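Biologist: Can you walk me through this one? I'd like to start with the overall build.

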Amino acid sequence: MKLGIIADDFTGASDIGLTLAEAGMAVAQFIGVPAIKADPSLDAGVIALKSRTAPVEEAVTESIAACDWLSAQGAEQIVLKVCSTFDSTAEGNIGPVLDALAKRLNAGSVIVCPAFPENGRSVYQGHLFVADKLLNESGMQDHPLTPMKDADLRRVLGAQSSREVGHIPTLTVLQGAGAIKAALTNDAHMITDAITDADLIAVGQAAKDLPLLCGGSGIAMGLPANFGLAAAAPTWQAITGSGAVLSGSCSIATRNQVDSFMADAPSFQISADRAVAGEYNVDEIAEWVLAQEQPPLVHSSADPVVVQEAQDAHGTGVAAAAIEKLFAQLAPAIVAGGVRRLVVAGGETSGAVVTGLGANTLTIGPRVAAGVPLVRFGDIALALKSGNFGDPNFFAEALTMMERSA
Ligand SMILES: Nc1ncnc2c1ncn2[C@@H]1O[C@H](COP(=O)(O)OP(=O)(O)O)[C@@H](O)[C@H]1O
Ligand SMILES: O=C(O)[C@@H](O)C(=O)COP(=O)(O)O
């Protein structure tokens, strides 16, 4: 293994897995820290943790365990994959995890760059933009678990980290890898501007000898070339069988996808109130899913007002946990009933579903949309869609792609 990735959620793990696979790396996505050694033919291993919203101590402990396992497999460089919208809270977990990893790997300067231009995320003057909006005006300020209310990444990371936080501005990045490298002089996390893919390639070149990096999947664009690998298209063996869509994401893109899919497909809406009250019978929902003649949708996706009401009534964690538990139980029930194509929307939701399915390793397939590949677990096809990725027809597109070899 050349490159080791610690991803703080499951959709993020398959997002960066896709970047590496398309850049020619043999890559696997592991669910949690594996208990066994990795296949020695792998170039990269991505460990998916559910650490974005876990208690800080737990996130640090799991990330260090993941780092140690990846290093033991031979990984020469570690990337902490975080959200391209830098999803975190005032306590963390990006800062504390990055501090602990830097200490473990004896890393001096750590490049931190969540830019993902293909999905509209850019970093300029230390501020994160989603398309033409500052992060805190992009809709992410209403995220159910990690509302992002400040676009200045230096301030956001500075509040979470006990290390110094510096900045490498666009004017330096535009001068190329040599200039970026020269700017990495102090023991600090360096928020690094990047607006285009070319910027990220230069950042990747500059990072050649660094033990630790942090970013969205864009940070990995330039890394495989440092190991002599060149672009390739991931392959896919068709999986047929019935399909379903599970969505616990309340992000704007997902809500559009839910509306678009519901126009032609049967749908079942989960309410937070009823989930918290334990009023749902998972077997009955599974029976409903299995009785449909076309892939149905089960979702809890709701707009910020409805989410806020549920959170005020029950507490944020209680509402989220009740809904995630339902999806975690529903997924294995419908798979046991024959579902073989499963689209899941939402990072935390994907974590619940994949854990519920008992998956340990996922194979990365071709892209459905920027940042979202098909992935395979045995004879089950999955698409783990980040909340804000994909066009309005994503769900139908993913279900169709699963049935075609590529
Ligand atoms: N109607 C709802 N009310 C309150 N919380 C919700 C509701 N629907 C989903 N959630 C929770 O919101 C969180 C959404 O996070 P996630 O699945 O990561 O989506 P995204 O990828 O959009 O961030 C999950 O923990 C989910 O259980
Ligand atoms: O980097 C990204 O934006 C994604 O890979 C990701 O991590 C998104 O998280 P969710 O929106 O919670 O799925």
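Modeller: Sure, one term to begin with: the radius of gyration is taken over C-alpha atoms, and the globule rule is 2.2 Å times the number of residues to the power 0.38. This is a predicted model, where local features need pLDDT of at least 70, side-chain atom pairs count only at pLDDT 80 or more, and totals for chains, interfaces and linings use all residues. Residues are numbered from 1 along each chain as its sequence is written, with chains lettered from A and ligands numbered from 1 in the order in which they are written.

Biologist: So what radius of gyration does the chain have?

Modeller: The chain has 20 Å, which agrees with the value near 22 Å that a compact globule of 406 residues would have. The C-alpha trace spans about 60 × 45 × 35 Å along its principal axes.

Biologist: How many helices and strands are in the chain?

Modeller: There are 15 helices and 18 strands. Those are DSSP runs numbered from the N terminus: helices are H or I with at least four residues, strands are E with at least two.

Biologist: And how is the chain divided into domains?

Modeller: Domain 1 covers 3-226 and domain 2 covers 242-402, with bounds from an automatic or database domain assignment. Their C-alpha centres lie 26 Å apart. Domain 1 puts 25 residues into the contact and domain 2 puts in 29, where two residues are in contact if their C-beta atoms, placed from the backbone, lie within 7 Å.

Biologist: Which element gives the most to the domain 1 side?

Modeller: H1, with eight residues.

Biologist: Switching to ligands. Where does ligand 1 lie?

Modeller: Ligand 1 lies between domain 1 and domain 2, because both give residues to its shell. Of the 25 residues around it, Ser249, Ala320, Gly346, Glu348 and Gly387 come nearest. A residue is near a molecule or strand if its C-beta atom, placed from the backbone, lies within 6 Å of it. Helices H12 (304-314), H13 (316-336) and H14 (347-356) are the elements giving two or more residues to that shell.

Biologist: And which residues come nearest to ligand 2?

Modeller: Gly12, Asp15, Ser84, Gly347 and Gly387, out of 16 around it. Helix H1 (residues 10-22) supplies the largest share of the shell, three residues. Each domain also gives at least three residues to the shell around ligand 2.
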